[in-house]
Amino acid sequence: MRGMELKLNNIIDNIYYEVVRLRKNIDEIDIYGYLKSRKKPSRKRLYQRGALILAADHTARMNTEVGNNPYALLNRKELLSRIVRLLMTEYVDGVLVIPDILDEILIANYILKERFGISLIDDKFIIASINRGGLKGSVFELDDKVTAYTPEDVKRLGLDAAKVLLQLDKDNYYTSNTLTYITEVARKTLDLDIPLFIEVFPVRKVNNEYKFTGDPYELASAINVAAALGYSSANKLLKVPYVHDFKIVAESTTLPIYLLGGGSGKAKDFVHQLNEAMNAGDNVVGAVIGRNILFPIDINPIEAVKLIKKAYSVL
């Protein structure tokens, strides 16, 4: 048994090289077949308290900073290994993906399934990130076009949900463009019966960079804009940052709320924020967290997800 564990750990540590090798023969591997044959999670779990989703969609819009390291997510060898290790745990309920990351997860899944009988995607939510066109720091950052999956892709591939990003600045005309894109996505996901996460940030430009305002009333107002997009709110879930007086945010909507992690890298700080948010309202049901559990600076990633799951159990 010990020898098998060592072999598995060695494969995970070097999963990047294994994926690079198999990509050369990618047309000979039916990686998408596993998506269709996997054990799918119950959709009800998305709306019940306790879900922890790993966010792995940052790099598509040049958002690579963790703490004081502006390029932390650019080491794909390290990033992929950490994603795989977290998906192997019982503590992570799903993953938010972009196309290249999903492909790499599926290739890694193929390797682990063939050699060890381990699945990374059984009973895990696979959530597609849709609009990644607003590259961080660009002049068109708030013109956030659909550049990754479409709702039709999500349905065809058998993914479990979709996510869009809405950065809202009333002083920037591009915001209206993004509202139009997201409204179209909201209507189509409703037509196709796909749950839709809307990640909401009221932002202002500070020192040539868009920053979250941090105001609970502005966040609550932005949430109400997001909730009304399309012809129904039935399929919507919200993904929002933490603010002080979170009760103002929670009580501004009846929609399920997931707390996002941000890029501080401090997992223990996030657990405190999650506790505060969940105490603010029963509609705060989960967390979608990436950098603070992939590259935590205070504890290791496995301990980070254990700590977050423990936070759910004490409420």
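**Close-up views of a predicted model**

Among contacts between residues at least 6 apart in sequence, 76% join residues at least 24 apart in this protein. The structure shown is a predicted model, and the legends below treat the whole fold and then selected sites.

**Figure 1. Overall fold of the predicted protein, with twelve helices and nine strands.** The radius of gyration is 19 Å, close to the 20 Å that the globule rule gives for 315 residues, so the protein is as compact as a globular protein of that length. Along the principal axes, the C-alpha atoms fill a box of roughly 55 × 40 × 40 Å. Buried residues account for 55% of the 315 residues. The protein exposes about 14000 Å², of which carbon and sulfur atoms supply 49%.

**Figure 2. Charged side chains of the protein, 42 positive and 39 negative.** The centres of the positive set and the negative set lie 3 Å apart. A search of the whole structure finds 27 salt bridges. Among them are the bridges of Glu 18 with Arg 21 and with Arg 115, and the bridge between Glu 199 and Lys 163. These pairs are presented in the next views.

**Figure 3. Salt bridge between Arg 21 and Glu 18 within helix α2.** The N to O distance between the two side chains is 3.0 Å. Both residues belong to helix α2, which covers residues 15-23, and they are three residues apart, about one turn of the helix. Arg 21 is partly exposed, with a relative accessible area of 41%. Glu 18, at 15% relative accessibility, counts as buried, because buried means under 20% relative accessible area.

**Figure 4. Salt bridge between Arg 115 and Glu 18.** The side chains of Arg 115 and Glu 18 meet at 2.9 Å, N to O. This pair links distant parts of the chain: Arg 115 lies in helix α5 (residues 99-116) and Glu 18 in helix α2, 97 residues apart. Arg 115 is partly exposed, with a relative accessible area of 39%. Glu 18 thus has a salt bridge to Arg 21 as well as to Arg 115.

**Figure 5. Salt bridge between Glu 199 and Lys 163.** The side chains of Glu 199 and Lys 163 meet at 2.7 Å, N to O. The pair links distant parts of the chain, with Glu 199 in strand β5 (residues 196-206) and Lys 163 in strand β4 (residues 161-168), 36 residues apart. Glu 199 counts as buried at 8% relative accessibility, and Lys 163 counts as buried at 2%. Glu 199 and Lys 163 also belong to a network of salt bridges that links them with Asp 57, Arg 132 and Lys 239.

**Figure 6. Positive phi at Asn 208, in the loop between β5 and β6.** Most residues other than glycine have a negative phi. Asn 208 has a positive phi of about 65° although it is not a glycine. Strand β6, at residues 209-212, follows the loop that holds Asn 208. Asn 208 is exposed, with a relative accessible area of 64%.

**Figure 7. Positive phi at Asp 245, in the loop between β7 and α9.** Asp 245 is not a glycine, yet its phi is positive, at about 55°. The loop that holds Asp 245 lies between strand β7 (236-240) and helix α9 (246-250). Asp 245 counts as partly exposed, at 48% relative accessibility.

**Figure 8. Surroundings of Ala 220 in helix α8.** Helix α8 covers residues 216-227 and includes Ala 220. Ala 220 counts as buried, with 8% relative accessibility. Not counting residues up to four places away in sequence, Ala 220 touches Ile 248, Val 249 and Ser 252. Ala 220 and Phe 246 are 26 residues apart in sequence, and their C-alpha atoms are 9.4 Å apart in space.

**Figure 9. Glu 78 in helix α4, shown with Asp 13.** Helix α4 covers residues 76-87 and includes Glu 78. Glu 78 is partly exposed, with a relative accessible area of 30%. From Glu 78 to Asp 13 the C-alpha to C-alpha distance is 8.2 Å, and the two residues are 65 residues apart in sequence.

How values were computed: Residues are numbered from 1 along each chain as its sequence is written. This is a predicted model: local features need pLDDT of at least 70, side-chain atom pairs count only at pLDDT 80 or more; totals for chains, interfaces and linings use all residues. Side-chain values use heavy atoms; hydrogens and water are left out. Helices (H or I, at least four residues) and strands (E, at least two) are DSSP runs, numbered from the N terminus. The radius of gyration is taken over C-alpha atoms; the globule rule is 2.2 Å times the number of residues to the power 0.38. Buried means under 20% relative accessible area, exposed over 50%, partly exposed in between (1.4 Å probe, protein chains only). Contact means heavy atoms within 4.5 Å. Accessible areas come from the Shrake-Rupley method with a 1.4 Å probe; for residues, only the protein chains shown count as cover. Lys and Arg count as positive and Asp and Glu as negative; His and the chain ends are not counted. The place of a charge is taken as NZ of Lys, CZ of Arg, CG of Asp or CD of Glu. A salt bridge is a side-chain nitrogen of Lys or Arg within 4 Å of a carboxyl oxygen of Asp or Glu.
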